[in-house]
Amino acid sequence: MSPSGAYWYTHGFNLAAVYALIGASLISFLCVMLPAISWLANFSWFIGVLAGGLFYRLLTLGVSSIASPAMVAAGSPGSPGEA
């Protein structure tokens with residue numbers, strides 16, 4: 001729960017996820033509203049999911065996690081290694 005922790009976000013929001021959601025929503029919206037690509041309207045949900053995943057991955061490429069899941073599990077209270 002500290003600013004240097006693995007799960008610290010800006011005021012409680014993961015801005016990379018918010019930006020990915022906005023970008024994916026915009027692409028899905030354009031698939032439905034633009035007559036030139038209206039044939040994609042039936043697939044706009046799938047396109048949005050793929051775009052959101054791609055955007056999120058691109059936005060978080062340089063971000064490294066401070067604690068891996070193994071480190072968190074090994075250091076949790078009540079773990080066998082604790083005496």
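## A three-helix protein and its helix H1

Of the 83 residues in this protein, 17% count as buried, where buried means under 20% relative accessible area, exposed over 50%, and partly exposed in between (1.4 Å probe, protein chains only). The model is predicted, so to speak of local features a pLDDT of at least 70 is needed, side-chain atom pairs count only at pLDDT 80 or more, and totals for chains, interfaces and linings use all residues. Residues are numbered from 1 along each chain as its sequence is written, and side-chain values use heavy atoms, leaving out hydrogens and water.

Let's start with the overall plan. The protein has 3 helices and 0 strands, with helices (H or I, at least four residues) and strands (E, at least two) being DSSP runs numbered from the N terminus.

Now look at H1, which covers residues 15-33. Its 19 residues should span 27 Å at 1.5 Å a residue, and the end C-alpha atoms are indeed 27 Å apart; the expected span is 1.5 Å times one less than the number of residues.

Here is how some H1 residues sort by exposure:

| State in H1 | Residues |
|---|---|
| Buried | Ala-16, Ala-20, Gly-23, Ala-24, Ser-28, Cys-31 |
| Exposed, on the other side | Leu-21, Ile-22 |

Why do the buried residues share a side of H1? They cover an arc of only 130° around the axis, the arc being that of the directions from the helix axis to the C-beta atoms. An α-helix has 3.6 residues a turn, so residues three or four places apart point the same way. The buried residues of H1 pack against helix H2 (44-59).

Terms used. Contact means heavy atoms within 4.5 Å.
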